[in-house]
Amino acid sequence: QVQLVESGGGLVQAGASLRLSCAASGRALSTYIMGWFRQAPGKEREFVATISRRGVSTAYADSVRGRFTISRDSAKNTVSLQMNSLKPEDTAIYYCAADSRTGVVKFDSGYEYWGQGTQVTVSS
C-alpha cells in the first residue's frame with residue numbers, strides 16, 4: 001500500500017504558473033503508473049495527465065497539452081505537475097493517483113490509491 005500527499009496549490013492570476021507535487025510513503029513510486037486528475041465545482045472528476053512506471057511514456061488531456069508537464073523524480077519519490085499559462089478554467093481540486101496493475105499509462109479514474117487533493121484557483 002502507498003500513501004499519497006499533494007502539495008503546491010494556491011491562488012494565482014491567469015497566465016501564471018504553479019508546480020504541484022505528489023509525495024509518497026510506504027512504497028517506491030516506480031512501482032506504480034501515476035496520474036493527475038482534477039475536479040472543478042459542479043463538475044465530475046476529469047483526467048489531466050499520466051506517466052508510466054519508468055517515466056518513458058506520458059499522456060495528457062487535450063485541454064492541458066502544451067501547457068502542463070507531468071514528471072517523476074525517483075530520488076525524491078515524487079511525481080510533479082508543472083502547470084504553465086494557467087487559465088480560469090483550470091480552477092479545480094487536483095488529485096494525485098497511483099495504480100500497480102496492468103498497463104503502461106492509465107487514462108480512466110479507476111486508480112487504486114488517491115491523495116487528498118490540493119486546491120488550484122486561477123483568477124481573471
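A salt bridge here means a side-chain nitrogen of Lys or Arg within 4 Å of a carboxyl oxygen of Asp or Glu. Keep that handy for the exercises below; the model you're looking at is a predicted one.

**Exercise 1.** Work out which of Arg101 and Asp99 is buried and which is partly exposed, and check their salt bridge.

*Solution.* Start with the distance: the side chains of Arg101 and Asp99 meet at 2.7 Å, N to O, and the cut-off is 4 Å. Next, accessibility: buried means under 20% relative accessible area, and exposed means over 50%. Asp99, at 1%, is therefore buried. Arg101, at 44%, lands in the partly exposed class.

**Exercise 2.** Do the same for Arg38 and Glu46, then find the network they belong to.

*Solution.* Their salt bridge is 2.7 Å, N to O. This time the Arg is the buried partner: Arg38 has 4% relative accessibility, while Glu46 is partly exposed at 35%. Now follow the links: Arg38 and Glu46 join Arg67 and Asp90 in a network of salt bridges. Across the model, the count comes to 6 salt bridges.

**Exercise 3.** Lay out the sheet and say which strands stand at its edges.

*Solution.* First, the order: 4 strands run 1-3-8-7 in an open sheet with antiparallel pairing. Strand 1 (3-7) and strand 7 (68-73) each have a single partner strand, so one side of each lacks a neighbour in the sheet. From one strand to the next, the twist averages 15°. Finally, zoom in on strand 3 (residues 18-25) and strand 8 (residues 78-83), an antiparallel pair with 6 bridges. Here Leu20 sits opposite Leu81 of strand 8.

Key:
Residues numbered from 1 in each chain as written. Predicted model: local features only at pLDDT ≥ 70, side-chain atom pairs only at ≥ 80, totals over all residues. Heavy atoms only, no water. Pairing = 2+ DSSP bridges. Helix = DSSP H or I, 4+ residues; strand = E, 2+ residues; numbered from the N terminus. Axes fitted to C-alpha atoms, helices over the stretch in contact; angles between N-to-C directions. Buried < 20%, exposed > 50% of the residue type's maximum accessible area, 1.4 Å probe, protein only.
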